[in-house]
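Here's a quick briefing to read with the model open in your viewer. The lead comes first, then the details by topic.

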Amino acid sequence: MENFNWFEYEDIAYEKGFKLVCGVDEAGRGPLAGPVCAAAVILPKGHIIEGVNDSKKLTEKKREVLYDIIKEEALDYSIAFASEKEIDEYNILQATYLAMKRAVEGLSLECDYALIDGNRMPPLDIEGETVIKGDAKSQSIAAASILAKVTRDRLMLELAKKYPQYQFEKHKGYGTKLHYEMLDKFGPSDIHRQTFLKSWYSKK
């Protein structure tokens, strides 16, 4: 992959005349508990951060190291959430849009173009495009995926202290066998996504 261009999408946007391009990605769409997290990152033009890739392809330790490097070397970044209550109220897709919109609007610099991981465009006040598997194609999106993933994982570790019975530190809220066993034993908490527990409730 010597000729792979991590900034193909960013470069095209800049060639069209856009001034600042951000990459946007989310973490935590699938879990049964906790919020969904989104991040927006603006990198200097053509700036490669060694090791940055799709967060799912990296070890937790590597993500943690890159998290600090990205925050230090990015021109700007913003991280935002949509709560489990908002997920239940609006549905996970709309809540993810909300988190992404909050992340983009939270940038200090005036970004005018957004590269969104996936195939659906959230309703933003700036122009942009979706990039399928963008976290493996765009350095900006990959950086955003790492910030979102590490931030959410850290939050779930904090929530594990508040709700020790669910052992969130082991599964980060995802629907693992252990998590379902803890639900059977203790029932859902106030940070569980009620709309994600329909199959669990149906078995009760």
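Start with a glutamine: Gln-167 counts as buried, because its relative accessibility is 19%, under the 20% cut-off. This residue sits in the loop between H5 and helix H6 (168-171), and its phi is positive, about 55°, although it isn't a glycine. Keep in mind that you're looking at a predicted model.

**Backbone oddities**

- As background, most residues other than glycine have a negative phi.
- Gln-167, with its positive phi of about 55°, goes against that habit.
- Lys-133 also has a positive phi of about 55°, and it's not a glycine either.
- You'll find Lys-133 in the loop between strand S5 (127-131) and helix H5 (139-162).
- Lys-133 counts as exposed, because its relative accessibility is 61%, over the 50% cut-off.

**Cysteines**

- How many disulfides does a search of the whole structure find? The count is 0.
- For reference, a disulfide is a covalent bond between the sulfur atoms of two cysteines.
- For Cys-22, the closest cysteine sulfur belongs to Cys-111, and at 3.4 Å it's too far for a bond.
- Look from the other end and the story holds: the closest cysteine sulfur to that of Cys-111 is in Cys-22, 3.4 Å away.
- The reasoning is simple: the sulfurs are 3.4 Å apart, whereas a disulfide needs them within 2.5 Å, so this pair isn't counted.
- Cys-22 is buried at 0% relative accessibility, and Cys-111 is buried too, at 9%.

**Fold and overall shape**

- There are 8 helices and 5 strands in the protein.
- Going along the sequence, they come in the order α-β-β-α-β-α-α-β-β-α-α-α-α.
- The protein is as compact as a globular protein of its length, because its radius of gyration of 18 Å is close to the 17 Å that the globule rule gives for 204 residues.
- Along the principal axes, the C-alpha atoms fill a box of roughly 55 × 35 × 30 Å.

**Packing and contacts**

- Of the 204 residues, 50% count as buried.
- Take the contacts with a separation of 6 or more: 65% of them are between residues 24 or more positions apart.

**Surface and charge**

- The accessible surface comes to about 10200 Å², and carbon and sulfur atoms make up 51% of that.
- The protein carries 29 positive and 33 negative charges, and the mean positions of the two sets are 8 Å apart.

Key: Residues numbered from 1 in each chain as written. Predicted model: local features only at pLDDT ≥ 70, side-chain atom pairs only at ≥ 80, totals over all residues. Heavy atoms only, no water. Helix = DSSP H or I, 4+ residues; strand = E, 2+ residues; numbered from the N terminus. Rg over C-alpha atoms; globule rule 2.2 N^0.38 Å. Buried < 20%, exposed > 50% of the residue type's maximum accessible area, 1.4 Å probe, protein only. Contact = heavy atoms within 4.5 Å. Areas by Shrake-Rupley, 256 points an atom, 1.4 Å probe, with all protein chains shown as cover. Lys, Arg positive; Asp, Glu negative; His and termini not counted. Charge placed at Lys NZ, Arg CZ, Asp CG, Glu CD.
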